[in-house]
Amino acid sequence: MEIWDVPPGGVLTALAVVSAAFCLGALAGMLLASQVGGGGQESLTAYLERYLAAAKLGAAGPPRVSAVLWETLRWPVSAFLLGFSALGVVGIPLLFAARGFLLSFAVSSFVLMFGGAGAILAFFAFGFTGMLSLPVLFVLGVQGFASGQELAVRALGGGKGPLSRGRAYWVRGGLCAAVLGVCMLLEWWAVPALLASVAGLF
């Protein structure tokens with residue numbers, strides 16, 4: 001509790017809520033992906049095949065910097081900002097549900113389209129940087145949800161109640177920012193090369 005600098009029980013409650021929201025969103029994404037077919041799946045397959053063909057020829061360059069910034073920062077920054085409002089108690093679980101849904105839908109679609117090779121493609125497309133960005137999202141989401149709880153208690157109590165947003169809160173935010181910086185570099189430099197290395201499987 002001293003490391004997290006939140007009231008006792010706050011971390012476990014926040015972790016349980018955001019994890020449940022993420023898992024429910026992931027389950028919904030997997031179920032929806034299994035129902036998608038016809039023209040939608042064919043167009044997505046055609047797009048991926050064109051990208052992989054370009055990667056084989058070395059014509060698939062690194063993504064735009066703006067795209068890397070948007071893809072990497074939108075979820076953790078949203079979780080961080082929601083922690084400064086009592087609305088974070090509702091907004092952060094919804095954010096985690098949406099993140100779980102989109103990630104699961106994308107991975108499931110890759111597997112459905114390409115079978116076992118699709119799992120390899122999904123790992124290099126999402127999982128490689130996800131090993132860094134998802135833990136960051138959970139750290140920021142847990143502390144943001146706990147902070148939102150405290151703000152909600154203060155709002156209901158007429159502005160009275162403790163706030164545990166001390167030095168540790170900002171240290172964790174800074175460490176997460178540094179990890180996201182590494183994640184963006186990998187997304188821009190390493191992921192295109194990794195995708196090109198497995199393009200021959202398709």
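Here is a short walk through a predicted model, one selection at a time.

**First stop: a charged pair.** Select R74 and E71. These two residues form a salt bridge, and their closest N and O atoms are 3.0 Å apart. Searching the whole structure turns up 1 salt bridge, so take a moment with this pair. In general, side chains of opposite charge can pair when their charged atoms come close.

Now show helix α3, residues 65-82, as a ribbon. R74 and E71 both belong to this helix and sit 3 residues apart, which puts about one helical turn between them. An α-helix has 3.6 residues a turn, so residues three or four places apart point the same way. Switch on the surface next: R74 is partly exposed at 24% relative accessibility, and E71 is also partly exposed, at 32%.

**Second stop: a helix with a bend.** Select residues 167-198, which make up helix α6. With 32 residues at 1.5 Å each, the helix should span 46 Å, and the 44 Å between its end C-alpha atoms agrees with that. Then centre the view on E187, where α6 bends by about 40 degrees.

**Third stop: the rings.** The whole structure holds 11 aromatic pairs. One of them joins Y169 and W170, in an edge-to-face arrangement with 5.6 Å from centre to centre and 70 degrees between the planes. How buried or exposed are the two partners, Y169 and W170? Y169 is buried, with a relative accessible area of 3%, whereas W170 is partly exposed at 47%.

To finish, add F80 and F84 to your selection: ring pairs link them with Y169 and W170 into a cluster.

Conventions. Residues are numbered from 1 along each chain as its sequence is written. This is a predicted model: local features need pLDDT of at least 70, side-chain atom pairs count only at pLDDT 80 or more; totals for chains, interfaces and linings use all residues. Side-chain values use heavy atoms; hydrogens and water are left out. A salt bridge is a side-chain nitrogen of Lys or Arg within 4 Å of a carboxyl oxygen of Asp or Glu. Helices (H or I, at least four residues) and strands (E, at least two) are DSSP runs, numbered from the N terminus. Buried means under 20% relative accessible area, exposed over 50%, partly exposed in between (1.4 Å probe, protein chains only). The expected span of a helix is 1.5 Å times one less than its number of residues. The bend at a residue is the angle between axes fitted to the seven residues ending there and the seven starting there. Rings of Phe, Tyr and Trp (its six-membered ring) pair if their centres lie within 6.5 Å; planes under 30 degrees apart count as stacked, over 60 as edge-to-face and the rest as tilted.
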